[in-house]
Amino acid sequence: MIQDDKILSDRLRFLGITEEICQDLRSLWDTVAPVLPQVLARFYAHVGTVPYLAELVGSQQQRLIGAQSQHWKRLFSGRFDKEYVESIRRIGLVHSRIGLEPQWYIGGYSFILNELLQVLAAKHRFSGAALARKMAAINKAVMLDMDYAISVYQEALVQERQRRGAQLAEAIASFSGAVQASLRISGEASEALSVSAATLDSAADVASSLASEVTSSAEQTAQNMQSGAEATEQLAASVQEIGAQAIRSADVARQALESAQRTKESMTGLSAQAREIGDVVDLIDQIAAQTNLLALNATIEAAHAGEAGKGFAVVAQEVKALATQTAKATTEIGSRIAAIQTATDKSAGEIEDIARVVEEVSGIATAIAAAVEEQASVTSDIASNVQQTSGHTQAMVRSIETLNGSTASAASAAHHVSRAKETLDQQLTRLRDDIDRFLETARAA
């Protein structure tokens with residue numbers, strides 16, 4: 001408070017505002033008050049010629065004229081005290097806040113001061129000394145008023161500069177921290193990029209080597225698959241031929257079965273005829289036995305007849321011998337027929353076994369033919385699949401060749417990444433130096 005009073009006292013003394021000046025100002029108010037509204041109206045009309053100022057005034061002209069009138073009344077009261085200082089500072093702060101620059105503020109004082117001086121010149125045109133004294137009083141008061149108003153601008157500018165300086169310092173500190181963090185992260189990224197480039201280069205070399213090996217293996221596999229496809233086609237042809245032979249074997253087996261059946265029937269008929277012949281032989285044997293008995297009876301009767309029966313006895317003897325031979329022959333025929341029947345029965349059984357075996361062979365041949373036919377279909381599918389696999393393998397060879405080219409591109413990219421990492425390191429170093437210089441300059445400012 002004491003400091004403010006001393007400043008005000010020093011300013012008043014420096015401008016030469018004495019009590020006499022204050023009395024002159026109070027006496028001038030009677031002359032200024034009647035014309036002040038017209039002066040202010042002309043002032044705001046002049047302000048309206050500048051679009052920027054007209055926009056600031058807007059629709060507030062009447063209120064501003066009222067405020068101006070109160071301020072000039074206080075100025076001409078000659079009371080330059082604390083209340084006056086606070087009033088003029090409020091006006092200066094309002095003008096600073098709305099963005100009214102000092103040049104327009106000074107221009108406004110100049111316009112009103114000239115208007116007031118013309119009023120005084122008209123009133124005191126016949127008294128130059130009085131006019132000069134009163135003009136000096138108005139000039140000193142206006143200069144004091146302008147001094148305080150512009151001081152407010154200066155204080156506001158200093159405060160704004162301090163505020164902006166503090167914000168700039170804070171922004172610089174934040175920027176410095178962010179930049180240091182970014183540089184650290186960039187450095188880490190550069191190191192990671194270097195490791196990644198080395199890893200990529202190594203992986204590209206390994207991939208290139210593996211791609212070459214896989215390409216060689218794939219080519220060999222493709223050749224083997226091609227050979228397998230050809231062999232499978234030959235196998236399919238062989239299976240088809242075997243199927244045809246199996247079908248023919250089944251046909252032959254069916255024919256053999258039919259022949260065996262017919263032979264079995266023939267042997268059955270032969271066995272029946274042999275039995276019939278045996279029956280006939282038995283009949284002949286019975287007849288021979290009867291003949292032999294009759295010859296024996298004839299011989300007995302011839303012996304009873306004596307000489308007369310000798311001839312008959314000879315005949316009876318011949319008949320007996322013939323009957324005996326017939327019996328032997330029928331016995332031998334019977335044994336032969338029995339042997340024939342036994343052989344025929346045995347042959348019939350064996351033929352039946354043969355027919356059963358041939359039937360089984362026929363079934364097996366038919367099954368083999370069906371299986372071979374199915375196998376031929378499967379073999380054909382296998383041949384088709386092997387052919388497709390061979391084509392896929394060749395496509396894989398081409399893909400691996402493309403991979404080999406891509407691996408070479410990856411190796412080249414790894415080299416470029418390494419070069420980019422070196423460039424990034426250089427740029428980071430340069431950026432760090434530039435930022436350090438900028439921060440030093442900003443802190444010095």
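**View 1. The whole protein, with its 8 helices and 0 strands.** Welcome to this predicted model. Following the chain from its start, you meet the pattern α-α-α-α-α-α-α-α. The protein has 445 residues, and 27% of them are buried. Its exposed surface comes to about 27,600 Å², with carbon and sulfur atoms supplying 58% of that area. Among contacts with a separation of 6 or more, 86% join residues that are 24 or more positions apart.

**View 2. The largest nonpolar core, made of 43 residues.** Here we look at the side chains that come together inside the protein. W72, F76, F80, Y84 and Y109 are the residues with the most contacts inside this core. At least two core residues come from each of α1 (2-15), α2 (19-47), α3 (51-57), α4 (61-76), α5 (82-97), α6 (102-123) and α7 (128-305). Helix α2 gives the largest share, with 12 residues. As a general background, nonpolar side chains in soluble globular proteins tend to be buried together.

**View 3. F76 and its contacts.** Let us zoom in on one member of the group with the most contacts inside the core, F76. Once neighbours within four places in sequence are set aside, F76 is in contact with L25, R26, L28, W29 and V32, and also with L116 and I138.

**View 4. Helix α5 and its buried residues.** This helix has 16 residues and reaches 22 Å from its first C-alpha to its last, close to the 22 Å expected at 1.5 Å a residue. Which residues of α5 are buried? They are Y84, V85, S87, I88, G92 and H95. These residues sit on the same side of α5, because they cover an arc of only 165 degrees around the axis. A general rule is handy when looking at such a pattern: an α-helix has 3.6 residues a turn, so residues three or four places apart point the same way. Just after α5 comes G99, which takes a positive phi of about 90 degrees.

**View 5. S151 and its polar partner R11.** Our last stop is S151, a residue of helix α7. Is S151 buried or exposed? S151 counts as buried because its relative accessibility is 10%, and the cut-off for buried is under 20%. The side chain of S151 makes a polar contact with the side chain of R11, at 3.3 Å.

Technical notes: Residues are numbered from 1 along each chain as its sequence is written. This is a predicted model: local features need pLDDT of at least 70, side-chain atom pairs count only at pLDDT 80 or more; totals for chains, interfaces and linings use all residues. Side-chain values use heavy atoms; hydrogens and water are left out. A nonpolar core is a set of buried Ala, Val, Leu, Ile, Met, Phe, Trp, Tyr and Cys residues joined through side-chain atoms within 4.5 Å. Buried means under 20% relative accessible area, exposed over 50%, partly exposed in between (1.4 Å probe, protein chains only). Helices (H or I, at least four residues) and strands (E, at least two) are DSSP runs, numbered from the N terminus. Contact means heavy atoms within 4.5 Å. A polar contact is a pair of N or O atoms within 3.5 Å; within protein, one must be able to donate a hydrogen and the other to accept it, and residues adjacent in sequence count only if both atoms are side-chain atoms. Accessible areas come from the Shrake-Rupley method with a 1.4 Å probe; for residues, only the protein chains shown count as cover. The expected span of a helix is 1.5 Å times one less than its number of residues. The arc is that of the directions from the helix axis to the C-beta atoms.
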